[in-house]
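Here is a short tour of the fold, from one helix and its sheet out to the whole chain. Keep the structure open as you read.

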Amino acid sequence: MTHRNLVILTGSGISAESGVPTFRAADGLWMGHRVQDVATPEAFARDPALVQDFYNQRRRQLAQVEPNAAHQALAELAARWDGDLLLVTQNVDDLHDRAHASTPPAAGFELIHMHGELLKAQCTATGQVLDWPGDLAPDQPSPFRPKGRLRPHIVWFGEWPLRMDRIEAALAACDLFVSIGTSGAVYPAAGFVQLANHAGARTVELNLEPSLGSRFFDDARYGPATEIVPAFFA
Ligand code: BJW
């Protein structure tokens, strides 16, 4: 069967071989902090210095990593895909963006960062988003009016992921859904496979090991993303 409407979901496993740690490796510890202690609105209210520092450090680390063969394989797929291709990433790094910048995609392509982007900041008063202006102080003033503070442009636990209407519409219309490098532990992304199944799509998991939702997929390939992603889309 020839597929035309493709939705790809990626998680931190696709960036692991670039040197970006996954979330649930090392017991969910991130530079000594439990992710749930820093990635919440409550944590930002309680200890903005800790939260801003956590994200400032992660932004700086991004400068030291590069897209890998899996990001590149998706960029090459997007360049030749003759249909709709929605790439939804849970990752807040910019490795997909960089891969697609060097291999421009065809017209039907769109990339959505559903959990936000490390290289952007958001005004707490207006919700406006701007490019990261450099390390953020705990009470970094926003340039927008009415004046708020700047926070990381990150979807924390309990907050609504971005562009969900667009993502759900694409899932309802897709005929192929491929999930890459995600554990299936965090909703709503973990439920996308069932929405795609409901739409009648073929569903495929590409991961290092079976995810929590592996039983919902029609098919799977297990191994490092830099090997199985280029092979699957060859
Ligand atoms: C490799 C590899 C290699 C490794 N090659 N593979 C329904 C049921 C239960 C709970 C909920 C529910 N609906 C909502 C919730 C609550 C919550 C949630 O899901 N909690 C769970 C913990 C249970 N969800 C939310 O709060 C979300 N919001 C929401 O639902 O809004 C609606 C709402 C609003 C208000 C009230 C109620 C509902 C928001 C979730 C935001 C997620 N944020 C994070 C942190 C971002 C900030 C940051 O980066 O600092 O996003 S959490 C973290 O997990 C991060 C990731 O994007 C996300 C997913 O993780 P991922 O990418 O899957 O990583 P890992 O580490 O888990 O897995 C890596 C995988 O790669 C593994 O399988 C490895 O094997 C594999 N791998 N090396 C290939 N080389």
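## A helix over the small sheet

Helix α3, residues 48-62, lies across β6 and β8. The helix runs at about 135° to β6. Keep in mind that this is a predicted model.

Which strands make up the sheet beneath? Three of them, in the order β7-β6-β8, form an open sheet with antiparallel pairing. The edges are β7 (129-131) and β8 (150-154); each has a single partner strand, so one side of each is left without a neighbour in the sheet. Neighbouring strands here are turned by 45° against each other on average, direction ignored.

Look at the β6-β7 pairing next. Strand β6 covers residues 116-123 and is joined to β7 by 3 bridges, with the two strands running antiparallel. One residue pair to find is K120 and D131: the latter, in β7, is the bridge partner of the former.

## The parallel sheet

A second open sheet has 6 strands. Their order is β5-β4-β1-β9-β10-β11, and the pairing is parallel. At its edges stand β5 (109-113) and β11 (219-222), each pairing on one side only. The twist averages 15° from one strand to the next.

Inside this order, β1 sits beside β9. Strand β1 spans residues 5-10 and strand β9 spans residues 176-180. They pair in the parallel sense over 5 bridges. I8 has V178 of β9 as its bridge partner.

## Two domains

How is the chain divided? Domain 1 takes in 5-20 + 67-114 + 161-232, and domain 2 takes in 23-64 + 116-154. The C-alpha centres of the two domains lie 25 Å apart. Their contact takes 8 residues from domain 1 and 8 residues from domain 2. On the domain 1 side, the residues touching domain 2 divide into 3 nonpolar, 3 polar and 2 charged.

## Around the ligand

Which residues are closest to the ligand? They are G11, G13, Q90, S183 and Y187, out of 33 residues that surround the ligand. Both domains take part: the shell draws at least three residues from each of domain 1 and domain 2.

What is the shell made of? Its residues divide into 17 nonpolar, 12 polar and 4 charged.

## Backbone features to check

Most residues other than glycine have a negative phi, and most peptide bonds are trans. Three places in this chain deserve a look on that account.

Two are cis peptide bonds. One joins R145 and P146, with omega about -5°. P146 is in the loop between β7 and β8. The other joins Y187 and P188, with omega about 5°. P188 is in the loop between β9 and α7 (192-198). Y187 is also one of the residues closest to the ligand.

The third place is R163. Its phi is near 55°, a positive value in a residue other than glycine. R163 is in the loop between β8 and α6 (164-173).

## The whole chain

Step back to the full model. The chain has 8 helices and 11 strands. Its radius of gyration is 18 Å, close to the 17 Å that the globule rule gives for 234 residues, so the chain is as compact as a globular protein of that length. Along its principal axes, the C-alpha trace spans about 55 × 35 × 35 Å.

Definitions and conventions. Residues are numbered from 1 along each chain as its sequence is written. This is a predicted model: local features need pLDDT of at least 70, side-chain atom pairs count only at pLDDT 80 or more; totals for chains, interfaces and linings use all residues. Domain bounds come from an automatic or database domain assignment. Two residues are in contact if their C-beta atoms, placed from the backbone, lie within 7 Å. Ala, Val, Leu, Ile, Met, Phe, Trp, Tyr, Cys and Pro count as nonpolar, Asp, Glu, Lys and Arg as charged, and the others, Gly among them, as polar. A residue is near a molecule or strand if its C-beta atom, placed from the backbone, lies within 6 Å of it. Two strands pair if DSSP finds at least two bridges between them. Helices (H or I, at least four residues) and strands (E, at least two) are DSSP runs, numbered from the N terminus. Axes are lines fitted to C-alpha atoms, for helices over the stretch in contact, and angles run from 0 to 180 degrees between N-to-C directions. The radius of gyration is taken over C-alpha atoms; the globule rule is 2.2 Å times the number of residues to the power 0.38.
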